[in-house]
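These are my notebook entries on one structure, written down in the order in which I looked things up. I keep each entry to what the model itself shows.

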Amino acid sequence: MNEIKENDKNTKGNKRKIIIVILLFIALAIGTTYAWLTLRIEGNKTNTIVAGTLSLVIENEDEFINISGAEAIPLTKETALAKENNIYTFELTNNGNIGSEYKIYLDIEDENEEETIPNNMIRYILTKNNHSREDILLSESKKETEDERNNGKIILDSSSFDSDARVLQPDETNTYSLRVWIDEEATSEIAKHTFIAKIKVVGTQTDTD
């Protein structure tokens, strides 16, 4: 009887191993990787999140982009750019041996809740490799429509944004800084409201053929 039970355990164990192998194979076959900037950050240490061959490194103390409390006030662009506590710096590096397409999203916490500051009152500016883009309201930003999993999320940057649709080449790094603030035209309805978001990167390796 004990021998039969032991055989049953071995059979179940083998089934689990087969299932795990199949799932790993499916994940590798898809070739798409995900990483979230949702980690515990201690002090000023550099933190790295690895997603397949892409790594996203952030050096900020805070794990979330957070506008609340005394910071939840409208600012002019000049005032926002002069502040030091509203800038989020990160690097995207391809550690693989083939090129990788990528998209960097801004994922807003509780976007449809009444206590969240609406997108038409939040402005941001993204600098990529020392090149600053025009500041823009979140409500005017490009949103994901092709990726069902990330549908509706704001696209901060993508390999397809460049005029030559450049992928991130092996050992290549893009350096970013992101500033987020409440637009100077925001109304009094933002009182006691908050804006919390996190950065997400999705990478897909390109075909080597």
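**Backbone entries**

I began with N129, which is found in the loop between β8 and β9 (131-132). I am working from a predicted model throughout. The phi of N129 is near 50°, a positive value in a residue other than glycine. I noted this because most residues other than glycine have a negative phi. With a relative accessible area of 37%, N129 is partly exposed, since that class covers values between 20% and 50%.

I then turned to D171, which lies in the loop between β11 (154-158) and β12, and which has a positive phi of about 65° although it is not a glycine. Here the relative accessibility is 66%, so I entered D171 as exposed.

**Aromatic entry**

How many aromatic pairs does a search of the whole structure find? The search returned one. The pair is formed by F90 and Y176, whose rings are stacked at 5.0 Å centre to centre with 15° between the planes. I traced F90 to strand β6 (residues 87-94) and Y176 to strand β12 (residues 173-183), so that the pair links distant parts of the chain, 86 residues apart. I also looked up the accessibility of the two residues, and both F90 and Y176 are buried.

**Salt-bridge entries**

I searched the whole structure for salt bridges and found nine. As background, side chains of opposite charge can pair when their charged atoms come close.

Among them, I looked at E71 and K83, whose side chains meet at 3.1 Å, N to O. E71 sits in the loop between β4 (65-67) and β5 (74-75), while K83 sits in the loop between α2 (77-82) and β6, and the pair links these distant parts of the chain, 12 residues apart. E71 has a relative accessibility of 35% and therefore counts as partly exposed, and K83, at 23%, also counts as partly exposed.

My next entry concerns K153 and D107, which form a salt bridge at 3.5 Å, N to O. Because K153 lies in the loop between β10 (136-137) and β11 and D107 in strand β7, the pair ties together parts that are 46 residues apart in sequence. Are these two residues buried or exposed? I found that K153 is buried, and that D107 is buried as well.

After that I examined D157 and K128, whose side chains meet in a salt bridge at 3.1 Å, N to O. D157 belongs to strand β11 and K128 to strand β8, so this pair ties together parts that are 29 residues apart in sequence. The relative accessible area of D157 is 0%, so I recorded D157 as buried, and K128, at 10% relative accessibility, counts as buried too.

I closed the search with a network: salt bridges that share partners join K77, R123, D135 and D183.

**Surface entry**

Which residues form a negative surface patch? I listed D110, E113, E114 and E115 as its members. Of these I followed up D110, which is found in the loop between β7 (100-108) and β8 (122-128). D110 has a relative accessibility of 52% and so counts as exposed, given that the class begins over 50%.

Definitions and conventions. Residues numbered from 1 in each chain as written. Predicted model: local features only at pLDDT ≥ 70, side-chain atom pairs only at ≥ 80, totals over all residues. Heavy atoms only, no water. Patch = residues over 30% accessible without salt bridge, like charges linked within 9 Å, V, L, I, M, F, W, Y side chains within 5 Å. Areas by Shrake-Rupley, 256 points an atom, 1.4 Å probe, with all protein chains shown as cover. Salt bridge = Lys/Arg side-chain N within 4 Å of Asp/Glu carboxyl O. Lys, Arg positive; Asp, Glu negative; His and termini not counted. Charge placed at Lys NZ, Arg CZ, Asp CG, Glu CD. Helix = DSSP H or I, 4+ residues; strand = E, 2+ residues; numbered from the N terminus. Buried < 20%, exposed > 50% of the residue type's maximum accessible area, 1.4 Å probe, protein only. Phe/Tyr/Trp six-rings, centres within 6.5 Å; stacked < 30°, edge-to-face > 60°.
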